[in-house]
Structures are given as C-alpha cells and as structure tokens.
Amino acid sequence: MTTRASAASQQVEFPIIESFAQEPLTNPHWKLHPSAQLNGGSLELTPNAVSQAGTVFLDQPFSSSLGVTIDFDYSCEGGSGREFGDGFSVYLIDGEQTTGPGGRGGALGYSYTKDGSGVIVTPGVTAGYVGIGFDNFGNFATPLAGTEGPGSRPNTVGVRGSGSQREGFRWLTGVHVPGGFRGSWETGAHVQVSIIDGRLTVRHADKANPNGILLIDGFDLTSAPGQTRMPETFKLGFAAGTGAATASHRIKNLTVALPVNMPLEMSGPQTAKSGDRITYSISVENLGPNDAPDAVVEGTIPAALSDLELTCQGENGAVCGTGSVLEGLRLPIDLPKGSKAMINLTGTIDPEFEGRFTCTSLVKSPTRANTAGQHSDAVTTEVELPPVSVIPVIVGQWLQSWPEDAQGWVISYDLTLAANEQRVVRWEISFNVPAGTRINPQQSQWYEVIKDGTDGSVVIGTPDDSHTIEPGTPLTVAIQLLYPSQHEAGDGKLRNLRATEVTRP
C-alpha cells in the first residue's frame, strides 16, 4: 500500500539548511518519529539504549533533475562493551509519496525487518528509492533487512535499492570501512551523499582529513536490478536503530544542495629565507554539473607574512570579485560550469622569522555543495634566516624645496644589518621604489650606490672590506630617499627589501 502526498505539499527550493540546533526547526515539514528528538544542539535519532528506533523525515519534495548532494555532521558514540550498533541511514523516497518509519534494528529505519523465521515484523518505508546504511553492527547486509545481501557485514556502508513496505529493498552494493562509523563532534565526523544523473557517490570526512575518503564512487542506480525509475522529486529521511547492541546516533548541520565539482589546488615554496617575498598560487575550477555563482575561496595567512598582495584572473567566464586579506584570505568568484580562476597571494616574510608556517585555502559555496575530491589544500614553508638580514626603521621625513632639481618628499631610513651565523664581509641591500624616486642627492653616502632608484630599484653595497658585520654586532646604514611627492611616498614601506651576502670580489 502506498500513500499519496498532499497536493498542498510544494517543492522546497535549494539549498535546504537545517542545523537541528534548536526548536522550532527551520522547515515545519520535518516529522520526528519514536525516539528522535532535539537534544543538546543536535538531532538525536537514538539514545545509547537498547531497542530504540528514531526517524526524521522531511515531508516536502525537492527536485532530482539537476542532481542533489546531502551533507551533514554526525556523532555515533556509546556502545555496550564490544557491541556497537546498529547504525544509521540516509534515504530518499519518491517525492510524490509520504511515509512512516522503516524497519527497526538492522533495517536502519529504511528497509523492512524480518525475524529469525523470515517473517516481516516491521515494514520498510513507503516508495523508497535508495537507502544508504552506515552499519556498525552488520545486519543491514543480511536477509533480515531485505533481499539479496552477502550476510553480516560489520563496519560497512551499504546500499539497498527501491522498495515499499514489505516488498523490494534489494542489496545493491557495499564497502567495508575500517573502524566503522564511530564519530564525534570533536573529530568532525562528516558524510556527503550525492546522486548525479542517477549515480550515487558517498564520501566520509573528518577534521584529520577534510577532503574526505571516497567510499562509493558513482554507483549507477538507474541500471541496478530491482530499481524503479528515478522519480522527478525526492523526499529525504534519516533513521537509526539499536537492539541489544547500542549507540547514540546524532546528526546536525544538514545542507541539501545542488552539486558542483570544484577542485582546488595550491602551490608555493617549500623553503624560503627570512625577508623573502614569496607567492602562493591557488587554482579552482568548476567541472559541473551546475554553475557556482557564489563560490568563495577562503584561507589562513601566516602572521609572519606582511605587505600582502592578492590577485585573481578568471578564465572561460569566471569572474573574480573583490578579495580581502584583512582577517585571512577571502575571495568571491562567479564560477560557471567549465570555468577556472587562478589566484596569487604574495607576501613578505618577517626578516626576523625563523621556523615553519602553513598557508591554507579552500573553496565553498553557500548555495552549492562541493563534491570535489579535493576542495582544500595547504602549503608548509620552512623558513631559514639568511646569512645577513635587514630591518628598516623610518627616522624622519620632510619636504625638500631646494635645490630646484632635487625637490620632493624625503624619508630618512635606518637599515640595520645583522649577521645571523658568521661574519659577513661584503653585502648588498636592494628594494623597489615608486617611479620618479631616487636616493637623495643632498645626502652624502659612505656606501656604494649601485642603482639609485631611477629604474625603479635601489641597490647599495659595501664599498670595501672595512664595513663588515659581526654576529651580535649589527651595522646601521642611514639612507634618504627623495620621492616625487608625499602622496607618492605613501607609508614609506620599502618593497621587496632584502640584504644579501656578496661573495664576488
């Protein structure tokens, strides 16, 4: 027997977002059955107690035509001795129908439950299309929970197909998962289920592996034995059960959205010197099947990097928005299907920093679900002190009105050189300057001027072997720069400033 959904039931638009943090729930069409309840900022399907069954069901349809991806966090804790059961399920039914809870115990709230003599004691859901069981105890794969199946398979993600109440629910496929599905909020246990063009993909992730592990890769539901035609709309349910073996099963932070495959890759220097100016490159593309008009690349920027510069170039229709590096990296991108964006993040390493830092990035969307195998990346850079480092300090600035051919805004700097390991005999200091800037001709210099700034760069060096730098005894070099105006001088920061040891005669 099937039950037709109310004609007043209208499709819900993507994304469907429900935290399950508190009452009332965002969507009033959620139905909670038997033991399911909101508890402690999440939806508890079962407590850690024997013979429990809980279901939450969204009695409102959503489209299947452009694909659907279901993301949620889960907690599965407790157990009794060595026993840990049974598990939980995610299921989809025909959106034209409605349903009550599925079978108890090993059926995980989706398929029917048989007793030891083969009699169905609790029916499955109505008009089920597919149920994905995250089975710790192992009975979802047995004849107790539907037709076919390999027998008891603990710690397995299993898929049962179309069925309704006392018919169907054939075993389709399953994958053993070492350690099963014990998980907690602290470890960030997360599941992503996608159906795109009738193909099922299941990914499991946590904080230790945010990109996740692919458990089921594009299994074709449409050609599997016993499957009904994929419906135009779905309705969604979650369920869990316990028997003599127990566990608390909880979910939260649910998002149901259109899928989009947005892989991200990041590259950058593995090693660098203090004071170096370095660049991290990030590429992100959209492989479909849907557009991502509100993609966002975010990331962490090491505190040791300053003078940050962020650039982005779109390809094949990608449009980069206005980025920010004030509190980490954030860059919005309109990323149509088939497009790509190349991002460069450049910064200068603190001249006194020594050690290791990591720069991270990820791509996401508030209205799309990223199904890429790698949506985040990181680069760790090992930083060593160079033979000689330089630290600048502005000690004064003023308007210079004489002589006529040397008018402009003067900034005076003390550049302090330090030998980091051993004596430095010959050295050079280099940096970039704005157009029209040069070393102040009114200042007398004891150092050698190799480039005075007229070509956009200043290079000065030791004139002989008499200005050596001993470890622990810094050498200060006073230099004045003549800028065309105070406006063009800006904050006076010396770009790409670095000191090098010169080994040539």
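Visitor: Before we start, what does "buried" mean for a residue in this model?

Guide: Happy to help! The model here is a predicted one. A residue whose relative accessible area is under 20% is called buried.

Visitor: Is Phe20 buried or exposed?

Guide: Let's place Phe20 in the loop between strand 1 and strand 2 (30-34). Its phi is near 60°, a positive value in a residue other than glycine. Since buried means under 20% relative accessible area, and Phe20 has a relative accessible area of 0%, Phe20 is buried.

Visitor: Where is Phe169, the other residue with a positive phi of about 65°?

Guide: Phe169 has that positive phi although it is not a glycine. Its relative accessible area is 0%, so Phe169 is buried. You will find Phe169 in the loop between strand 13 (167-168) and strand 14 (171-176).

Visitor: How are the rings of Tyr74 and Phe88 arranged: stacked, edge-to-face or tilted?

Guide: A pair of aromatic rings is described by the distance of the centres and the angle of the planes. Planes under 30 degrees apart count as stacked and over 60 as edge-to-face, with the rest in between. The centres of Tyr74 and Phe88 are 5.1 Å apart and their planes are at 45°, so this pair is tilted.

Visitor: How many residues apart are Phe88 and Phe134?

Guide: Phe88 and Phe134 form a stacked aromatic pair, 4.9 Å centre to centre with 15° between the planes. Phe88 is buried at a relative accessible area of 3%, and Phe134 is buried at 0%. The pair links distant parts of the chain, with Phe88 in strand 7 and Phe134 in strand 10 (residues 128-135), and the separation is 46 residues.

Visitor: Which residues are linked by ring pairs into a cluster?

Guide: We have already met Tyr74 and Phe88, a pair that joins strand 6 (residues 68-77) to strand 7 (residues 87-94). Phe134 pairs with Phe88 too. The cluster is made of Phe72, Tyr74, Phe88, Phe134, Phe181 and Phe238.

Visitor: Which backbone oxygen lies 2.6 Å from a polar atom of the side chain of Ser111?

Guide: Start in the loop between strand 7 and strand 8 (113-114), where Ser111 lies. Ser111 has 0% relative accessibility, so it counts as buried. Beyond its neighbours within four places in sequence, Ser111 is in contact with several residues, including Phe140, Arg160 and Phe169. The backbone oxygen at 2.6 Å belongs to Ala145.

Visitor: How far is the charged end of Arg160 from the centre of the ring of Phe140?

Guide: Both Arg160 and Phe140 are among the contacts of Ser111. The charged end of Arg160 sits over the ring of Phe140, and its distance from the ring centre is 5.6 Å.

Visitor: Which strands stand at the edges of the open sheet of six strands?

Guide: The order of this sheet is 21-30-28-23-26-25, with mixed pairing. Inside it, eight bridges join strand 28 (residues 355-364) to strand 30 (residues 376-384), and these two run antiparallel. An edge strand has a single partner, so one side is left without a neighbour in the sheet; here these are strand 21 (271-273) and strand 25 (319-320).

Visitor: Which residue follows Gly85 across a cis peptide bond?

Guide: One cis peptide bond runs from Phe14 to Pro15, with omega near -5°. Another has omega near -10° and starts at Gly85. The residue that follows lies in the loop between strand 6 and strand 7, and that residue is Asp86.

Note on methods
Residues numbered from 1 in each chain as written. Predicted model: local features only at pLDDT ≥ 70, side-chain atom pairs only at ≥ 80, totals over all residues. Heavy atoms only, no water. Phe/Tyr/Trp six-rings, centres within 6.5 Å; stacked < 30°, edge-to-face > 60°. Helix = DSSP H or I, 4+ residues; strand = E, 2+ residues; numbered from the N terminus. Buried < 20%, exposed > 50% of the residue type's maximum accessible area, 1.4 Å probe, protein only. Lys NZ or Arg CZ within 6 Å of the ring centre and 35° of its normal. Pairing = 2+ DSSP bridges. Polar contact = N/O pair within 3.5 Å; in protein donor to acceptor, adjacent residues only side chain to side chain. Contact = heavy atoms within 4.5 Å.
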